[in-house]
Amino acid sequence: MLFEITDPHDPRLELYRDVKDRDLTGRQGLFMAEGKVVLERLFTSPVAETVSVLTTPERLGGLASLPDAPVYVVPQGVMDQVAGFPIHRGYLALGRYAPKQSLAERVSGATARVLALHGIANTDNMGGLMRNAAAFGVDAVLLDTTCCDPLYRKAIRVSVGGALEVPHYRTDDMVGTLTGLGLTPYALSPSGAVTLEEVTPAPRSAVLFGAEGPGLPAALMAACQTVRIDMHGGFDSLNVATTSGIVLYRFRV
């Protein structure tokens, strides 16, 4: 459904207004996506639905397909004025998070992989983690209550749309939730008891990562098999997103 709009004050554009200074995450389940690659992932996402799209006449033809949702086509100047800054990529979209399965349903098979995150508050790291989760076929991402939202605009952009491929869930009892679903938890830490090479992942498993610096709480690690990646030259650890890529490759089904 195409709608040409030339008035920057058109009420249909209200949710796109001043996106530089605010984020829609948490408002009616909505989030903002930007860029061609991310929008095309949104259009086919198994965990989100497209609410509307905002683009320009010049960029419209660059999309491989259009969603069954309103597509607002505006001059570039109107788009920049509404958004509050130049949209060089030429594409914005509103989405709504709408996973079709519960966590228990997602991991009900004979094999399952969960990426479990504690205290990840940095949106760049969250985006990298979600990208790796999608790239290595993780079934679900489980977040504790202190993690930032994977659907922040920057996190989605850094994930290259991976945040729209893998469902995420929250819990206030990480280990209890995982073990209650019959998943074996592995906690990554520089002080892990065994090296990654020594681990034979259980068919149904979860890998836990904490924030850079504080890492995972001792009580949480005590309930898991702890794993480390040995470093060279006195380095303590890698960036959490980089580490997750190495570990998820090792744990892939």
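Here is a short dialogue on how to read a predicted model of one protein chain.

Q: I'm new to this one. How many helices and strands does the protein chain have?

A: Start with the elements, since they give you landmarks to hang everything else on. In this predicted model, the protein chain has nine helices and 12 strands.

Q: And how do I judge whether the protein chain is as compact as a globular protein of its length?

A: The idea is to set the radius of gyration beside what the globule rule gives. Here the radius of gyration is 20 Å and the rule gives 18 Å for 253 residues; the two are close, so the chain is as compact as a globular protein of that length. If you'd like dimensions too, the C-alpha trace spans about 60 × 40 × 30 Å along its principal axes.

Q: What share of the residues is buried?

A: Burial is about how little of a residue's area is accessible; the cut-off is under 20% relative accessible area. Of the 253 residues in this chain, 51% count as buried. As for the outside, the accessible surface comes to about 11500 Å², and carbon and sulfur atoms account for 52% of that.

Q: How do I read contacts between residues at least 6 apart in sequence?

A: Ask how far along the chain the partners sit from each other. In this chain, 74% of those contacts join residues at least 24 apart. Glu14 gives you a pair to look at: its C-alpha atom is 8.1 Å from that of Val82, although the two are 68 residues apart along the chain. Glu14 itself lies in the loop between strand E1 (2–4) and strand E2 (30–34), and it is partly exposed at 42% relative accessible area.

Q: Where is Tyr186, and is it buried or exposed?

A: Find the element, then check the accessibility. Tyr186 sits in strand E9 (residues 184–188), and with 4% relative accessibility it counts as buried. Leaving out residues up to four places away in sequence, Tyr186 touches a list of residues including Val199, Pro201, Leu208, Cys224 and Phe251. For contrast, take Asn122: it is 64 residues from Tyr186 along the chain, and their C-alpha atoms are 22 Å apart.

Q: Which residues does Ser244 touch?

A: Same approach, this time in a helix. Ser244 lies in helix H9 (residues 240–251) and is buried, with 0% relative accessibility. Beyond residues up to four places away in sequence, Ser244 touches Leu129, Asn132 and Phe209.

Q: How many disulfides does the structure hold?

A: A disulfide is a covalent bond between the sulfur atoms of two cysteines. This structure holds zero of them. Cys147 and Cys148 make a good example: neither is in a disulfide, and for Cys147 the nearest cysteine sulfur is that of Cys148, 6.8 Å away. The cut-off for a disulfide is within 2.5 Å, so a pair at 6.8 Å does not count. Cys147 is buried at 6% relative accessible area, and Cys148 is buried too, at 9%.

Q: What is the phi of Val160?

A: Phi is a backbone angle, and its sign is the thing to look at. For Val160 phi is near 55 degrees, a positive value in a residue other than glycine. You'll find Val160 in the loop between helix H6 (153–158) and strand E8 (168–171), where it counts as partly exposed at 28% relative accessibility.

Q: Last one: how far apart are the mean positions of the positive and negative charges?

A: Take the mean position of each set, then the distance between the two. With 22 positive and 26 negative charges in this chain, the mean positions are 3 Å apart.

Terms used
Residues numbered from 1 in each chain as written. Predicted model: local features only at pLDDT ≥ 70, side-chain atom pairs only at ≥ 80, totals over all residues. Heavy atoms only, no water. Buried < 20%, exposed > 50% of the residue type's maximum accessible area, 1.4 Å probe, protein only. Helix = DSSP H or I, 4+ residues; strand = E, 2+ residues; numbered from the N terminus. Rg over C-alpha atoms; globule rule 2.2 N^0.38 Å. Contact = heavy atoms within 4.5 Å. Areas by Shrake-Rupley, 256 points an atom, 1.4 Å probe, with all protein chains shown as cover. Lys, Arg positive; Asp, Glu negative; His and termini not counted. Charge placed at Lys NZ, Arg CZ, Asp CG, Glu CD.
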